[in-house]
Amino acid sequence: MGETPVEHAEPAEAEPGAGVPAPTSPAGPAATGHGATGHSASGRVTRARRRRRAVTLRMGWRGRREPTRADPSRLRALDVVHESWLELSRRPLRTVLTGLGVALGTGAVIATQGLVSTVRYQVSDEFDAQLATQVEVRLRSAVGDEPVGAVATPDAGAGFPPSAGDLDRVAALSGVEGVAVLRDSQQEVPVGLARVTDRTTAGEAAYVRGVDAAGLEAVGARITGQAWSSWHDATGQRVALLGRRTADELGLGEVRPGDQVFVDGLGFTLLGIVEDGGRARGLANGVVVPATATGHFLMSEERDRVLVVTAPGAAKDVEAVLPVALSPTDPERYSAYSPTRSDTLRRAVDGSFHSLALALGAVVMGLGLVSIGNATLTSVLQRINEIGIRRALGARPRHIAAHIVVDAALTGAAGGLIGAVGGLAATLAVTAQQGWQPVLDPRLPPLGIVAGALVGAVAGLYPARVGSRLQPTEALRRE
Amino acid sequence: MSGSGAIVTCAGVSKTYGEGVARVEALKGASFAVGRGEQVAVCGPSGSGKSTLMNVLGLLDVPTEGSYELLGIDVSALGEPGRAGLRSRVIGFVFQSFHLLGARSAAENVELALLYSAVPRRHRSAVARETLARVGLAHRADADVTTLSGGERQRVAIARAIAHGPELLLADEPTGNLDTATSDQVLSVLDDLNTGDGLTQIVVTHSEALAARIGRRLDVLDGVVTDSAGVAAAGRADGG
Ligand SMILES: Nc1ncnc2c1ncn2[C@@H]1O[C@H](COP(=O)(O)OP(=O)(O)OP(=O)(O)O)[C@@H](O)[C@H]1O
Ligand SMILES: [Mg+2]
């Protein structure tokens, strides 16, 4: 027997006429005796010898004599993979369905991750572009450094709004591109609409927002109709704009000449609608009047603020000098801050998004584990006869186990691959549709495939245990 | 067992299944030897223990008693790894129901014979094709086995049983599922392997005609193996 594998490996050198190597009588018995004695004497071959033989095998059986007959049968790792590949590739639909759980898990993680990174990039892009050019100033008393007066007396010289001269000083600072005075009422007040044609008056509750004419421009508010001018500011005219949301609530599509709003009982000439508040988003929600006309209402001192728009990168410098510019005699009265300081908060929010994505993925991967495990066990039970055949051909229980685990691992890897492709496709589809620049982590797809393989391998452990414990004769009896 | 030409040497081999009431003595103290190059027919009624004997000889099952030497190796001293090693190198099986793997080609089925000896795939493939040519199926090497006829399937199974160059071929009713004409084809392949290559064969058969063709005969009745050559027969030493 010792010689036969050599003949296999070198078919060209096989006996003439006999494609199938036959035992050669003279060599056979001698080798038999030798092999048997050698084996029982040494019991086990040394590791070194085994390794040398393994090399011999890979070299194609050349040279040295190969294992004695009673040495354990062996199965090369590459062959395990190839056998599984044959099995899985011939039944592609079953393989894909089995790996579907893993595909969904990987896809969910990759898509979520891709979208979160993209959105984060997008947000920080806008955020940085806009907020790094913005400084807000409030009364220090309103920020909480000093006790806040429970009731702010309207325009009672508490320092807000700052005088036109103070604001001019701010506007003259280098890097400042615009200044907006913004005020909000403490509470919503009744707002009604009076039109020349139908005289209907619908009642709604809305906040009163005070802003100056320069401020409307500085915050980049988008207005249909017309805005007021600094003349209105200076003279405290009763003119108003409606925020788009409030206009909708009042059933007002567009402003016509002669339209009036009644704000807490006071008539204001309606000039237009704030479609978009720009940097001051609140302007799109409420009644917007000149800051100088807010004396009629109870305003919230805490919300009074001056929003300064700066050139890119100038926000920090402006922030530093703003209190002095506004009130050279009492800079302590104001507190300035530029909102890029909320970076840490933003990062925390991102972090929780990521852990959410991972938790979601873990749950779905768990489902994938169960589905692969279940399908593999079913397949093992269906292939009991094959297990018997392989055992008869020399497979050891661990070889059977290896086949089953690798089957499951490759199925999982296939699922991971499908999930990675699907997840990337979903991310690209959404970002393309939103006109965003996709931000993808190139490590994720390969990681998804590896994770799928691992999940599959783990799922295959129990089926492998079942399959490898079958008795060959039992297994062969099952069709 | 002493003869260096002995492939199989059994002494008092018994196999008992189950316990108590369910206890079945499938094999009762079989003692016989099969020499190198012999062709032996195993005959007996259904349930007499023929398959049990083949499973023991083929190292798929472990006898409960007695000693079995294969090529002079005392297999009862071997663990499953060593027994699997012997199956992969020394033994070839042919089954009544072919036992081929579906969704694979004839050649791929034959290659399996060399899978568990760590033979590189290139070599396995070459050997599989040569062996298929030998059983007259070179033209069907790439056909899916499910598209083959019964006779062709059994010849593929024979090719798989001999591709690794075994020293003992065990065939359990190889023609049991075949009609007379295809049976003859299959049997002539087996005969060629025996006479041409000197491959030792033990063939279970229900067919008297086939048994008559084969020189030597082991009769199994109720687990007792009787050697027609009169070398050994032992039914008395049952169980106790
Ligand atoms: N795993 C087992 N457990 C219990 N009893 C068994 C088992 N295997 C075989 N037997 C019993 O052993 C006896 C011999 O069975 P075996 O399969 O060897 O018969 P056989 O001669 O091959 O029959 P057939 O010609 O029908 O194939 C039968 O009574 C059978 O029921
Ligand atoms: Mg039988």
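# Group meeting: strands, turns and a cavity

Okay, let's start with one contact: B:Leu168 has B:Thr200 as its bridge partner in E8(B). Keep in mind that this is a predicted model.

So what surrounds that bridge? B:Leu168 belongs to strand E7 of chain B, residues 168-172, and E7 and E8(B) pair in the parallel sense over five bridges. E8(B) has another parallel partner, strand E3 of chain B, residues 39-43, and four bridges join E3 to E8(B). For a landmark in that pairing, look at B:Ala41, which stands opposite B:Val203 in E8(B). As a reminder, strands of a sheet pair through backbone hydrogen bonds, either parallel or antiparallel.

Now, is E8(B) enclosed or open to the outside? Five of the five residues in this strand, 200-204, are buried, so E8(B) is largely enclosed by the rest of the structure. You can see that on both faces: B:Thr200, B:Ile202 and B:Val204 are buried on one side, while B:Gln201 and B:Val203 are buried on the other.

While we're at E3, its end residue brings me to the cysteines. B:Cys43 counts as buried, at 4% relative accessibility. B:Cys10 is buried as well, with a relative accessible area of 4%. How many disulfides turn up, then? Searching the whole structure, over all chains, gives zero. For anyone new here, a disulfide is a covalent bond between the sulfur atoms of two cysteines.

Staying in chain B, there's an antiparallel sheet to look at. Four strands make up an open sheet, and the order is E2-E1-E4-E5. Which strands sit at the edges? Those are E2, residues 24-35, and E5, residues 73-74, each of which pairs on one side only. At the E5 end, E5(B) pairs with E4, residues 65-70, in the antiparallel sense, and there are two bridges between them. If you want to find the spot on screen, go to B:Leu70 and look across to B:Ile73, its bridge partner in E5(B).

Next up, a helix and what comes after. H1(B) covers residues 50-57, and seven of those eight residues are buried, so this helix is largely enclosed by the rest of the structure. The buried ones are B:Lys50, B:Thr52, B:Leu53, B:Met54, B:Asn55, B:Val56 and B:Leu57. Yes, there's a lysine in that list.

After H1(B) comes B:Leu59, with a positive phi near 65°. That residue is in the loop between H1 and E4 of chain B, so we're heading back towards the sheet I just showed. B:Leu59 isn't a glycine, despite its phi, and most residues other than glycine have a negative phi. Is B:Leu59 buried or exposed? Buried: its relative accessible area is 1%.

B:Ala118 is another one to look at. Again we have a residue that isn't a glycine but has a positive phi, of about 60°. You'll find B:Ala118 in the loop between helix H3, 106-111, and helix H4, 121-134, of chain B. B:Ala118 is buried too, with a relative accessible area of 2%.

A quick word on aromatics. The count over all chains is two aromatic pairs. In one of them, B:Phe93 and B:Phe95, the ring centres are 5.4 Å apart and the planes are at 10°, so the pair is stacked. B:Phe93 counts as buried at 9% relative accessibility, and B:Phe95 does too, at 10%.

Last topic, cavities, and for this we move to chain A. How many cavities of 30 Å³ or more are there? Eight. The largest has about 140 Å³ of space. Fourteen residues line that largest cavity, written as 14 on my slide, and closest to its centre are A:Arg383, A:Glu386, A:His403, A:Ile404 and A:Asp407. The elements giving two or more residues to that lining are helices H4 (77-89), H13 (343-382), H14 (384-392) and H15 (397-434) of chain A. H15(A) gives the largest share, four residues.

And what kind of residues line the largest cavity? Four are nonpolar, three are polar and seven are charged.

That's my tour, thanks.

Terms used
Residues are numbered from 1 along each chain as its sequence is written. Chains are lettered from A and ligands numbered from 1 in the order in which they are written. This is a predicted model: local features need pLDDT of at least 70, side-chain atom pairs count only at pLDDT 80 or more; totals for chains, interfaces and linings use all residues. Side-chain values use heavy atoms; hydrogens and water are left out. A disulfide is a pair of cysteine sulfur atoms within 2.5 Å. Buried means under 20% relative accessible area, exposed over 50%, partly exposed in between (1.4 Å probe, protein chains only). On a 1 Å grid over the protein atoms alone, a cavity is a set of points where a 1.4 Å probe fits but cannot get out, and a pocket is an open set with protein on both sides within 12 Å along at least five of seven lines; lining residues have an atom within 4 Å of a point. Grid points are joined across faces, edges and corners, and a volume is the space filled by probe spheres set on the points. Ala, Val, Leu, Ile, Met, Phe, Trp, Tyr, Cys and Pro count as nonpolar, Asp, Glu, Lys and Arg as charged, and the others, Gly among them, as polar. Two strands pair if DSSP finds at least two bridges between them. Rings of Phe, Tyr and Trp (its six-membered ring) pair if their centres lie within 6.5 Å; planes under 30 degrees apart count as stacked, over 60 as edge-to-face and the rest as tilted.
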